[in-house]
Amino acid sequence: MQYRIYLDDLRYPSTGRTKLQLILAWIKNFLRFKRYTCGVWTVCRNSKAFKKSIQEWKNISDKNYYPYPLYISFDHDLGDKDPENGKSLMNWFINYLMDNLFKNDGDPIGVIGKFNLSSITVNVHSANTVGAENIQKMWDNFVDFKLSGN
């Protein structure tokens with residue numbers, strides 16, 4: 001099983017669900033977790049929900065699950081109340097992968113079968129073009145670095 005994360009303080013991913021279904025999902029989960037599922041997406045409205053979602057998923061992962069999201073869509077600006085932004089969360093996610101999925105020799109740990117870092121798709125849907133470019137470059141540089149054998 002795989003999951004996708006949509007990080008944004010305002011927008012919704014395209015799901016085909018009605019507005020009423022989105023509102024009911026929001027009431028059910030947002031008040032409790034500051035995140036909710038929306039079709040195949042786990043929607044995170046702030047940095048705390050983003051980190052918690054990734055950490056909790058790893059804790060429930062078993063041999064049938066990938067211990068990381070296979071698709072993440074980032075927004076850069078997460079509102080005035082959140083001290084972090086998409087770039088700082090991308091940095092956190094890269095460090096999380098390094099700390100939890102790679103040994104010192106670069107071999108993946110905790111993954112059944114061949115670990116393929118390039119299987120993680122990162123999208124940036126921010127209106128902040130400079131911030132969006134920085135997030136995407138950070139991810140691309142990380143993937144290139146790890147795939148080059150480092």
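Buried here means under 20% relative accessible area. By that cut-off, helix H3 of this predicted model has quite a list of buried residues: Gly86, Leu89, Met90, Trp92, Phe93, Ile94, Tyr96, Leu97 and Leu101. H3 itself is 16 residues long and reaches 21 Å from its first C-alpha to its last, close to the 22 Å expected at 1.5 Å a residue. At its N-terminal end sits a cap, Asn85, with a side-chain oxygen 3.0 Å from the backbone nitrogen of Lys87.

Stepping back to the whole chain, the protein has 4 helices and 5 strands. Read from the N terminus, these elements run β-α-β-β-α-β-α-β-α. Of the 150 residues, 41% are buried. Contacts also reach a long way along the sequence: among those between residues at least 6 apart, 65% join residues at least 24 apart.

On the strand side, E1 (residues 4–7) and E3 pair in the parallel sense, over 4 bridges. Within this pairing, Tyr6 stands opposite Val43 of E3. Strand E3 (residues 41–44) is covered on both faces, with Trp41 and Val43 buried on one side and Thr42 and Cys44 buried on the other.

Then there is the nonpolar core. The largest one holds 30 residues, and those with the most contacts inside it are Phe50, Ile54, Phe74, Phe93, Leu97, Ile120 and Trp139. Two or more residues come from each of E1, helix H2 (47–60), E4, H3, strand E5 (121–124) and helix H4 (129–147). H3 gives the largest share, 8 residues. Phe74 shows how such a residue is surrounded: setting aside neighbours within four places in sequence, its contacts include Leu7, Phe50, Leu89, Met90, Val122, Val124 and Ile135.

Helix H4 has 19 residues, which at 1.5 Å a residue should span 27 Å, and its end C-alpha atoms are indeed 27 Å apart. Its buried residues are Gly131, Ala132, Ile135, Trp139, Phe142, Val143 and Lys146. Seen down the helix axis, these buried residues of H4 fall within an arc of 110°, so they line one face. The general background is simple enough: an α-helix has 3.6 residues a turn, so residues three or four places apart point the same way. The buried residues of H4 pack against E4, H3 and E5, while Thr129, Val130 and Asn141 are exposed on the other side of the helix. Beyond H4 comes Gly149, with a positive phi near 100°.

The start of H4 ties in with a histidine further back. Asn128 caps the N-terminal end of H4, placing a side-chain oxygen 3.3 Å from the backbone nitrogen of Val130. The side chain of Asn128 also makes a polar contact with the side chain of His76, at 3.4 Å. His76 is in the loop between strand E4 (71–74) and helix H3 (86–101). Despite that loop position, His76 has a relative accessible area of 11%, so it counts as buried under the 20% cut-off. Leaving out neighbours within four places in sequence, His76 is in contact with Asn85, Gly86, Lys87, Ser126, Asn128, Gly131 and Ile135. Among these contacts of His76 are therefore both helix-capping residues, Asn85 for H3 and Asn128 for H4, a tidy way to close the tour.

Key. Residues are numbered from 1 along each chain as its sequence is written. This is a predicted model: local features need pLDDT of at least 70, side-chain atom pairs count only at pLDDT 80 or more; totals for chains, interfaces and linings use all residues. Side-chain values use heavy atoms; hydrogens and water are left out. Buried means under 20% relative accessible area, exposed over 50%, partly exposed in between (1.4 Å probe, protein chains only). Two strands pair if DSSP finds at least two bridges between them. A polar contact is a pair of N or O atoms within 3.5 Å; within protein, one must be able to donate a hydrogen and the other to accept it, and residues adjacent in sequence count only if both atoms are side-chain atoms. Contact means heavy atoms within 4.5 Å. A nonpolar core is a set of buried Ala, Val, Leu, Ile, Met, Phe, Trp, Tyr and Cys residues joined through side-chain atoms within 4.5 Å. The expected span of a helix is 1.5 Å times one less than its number of residues. The arc is that of the directions from the helix axis to the C-beta atoms.
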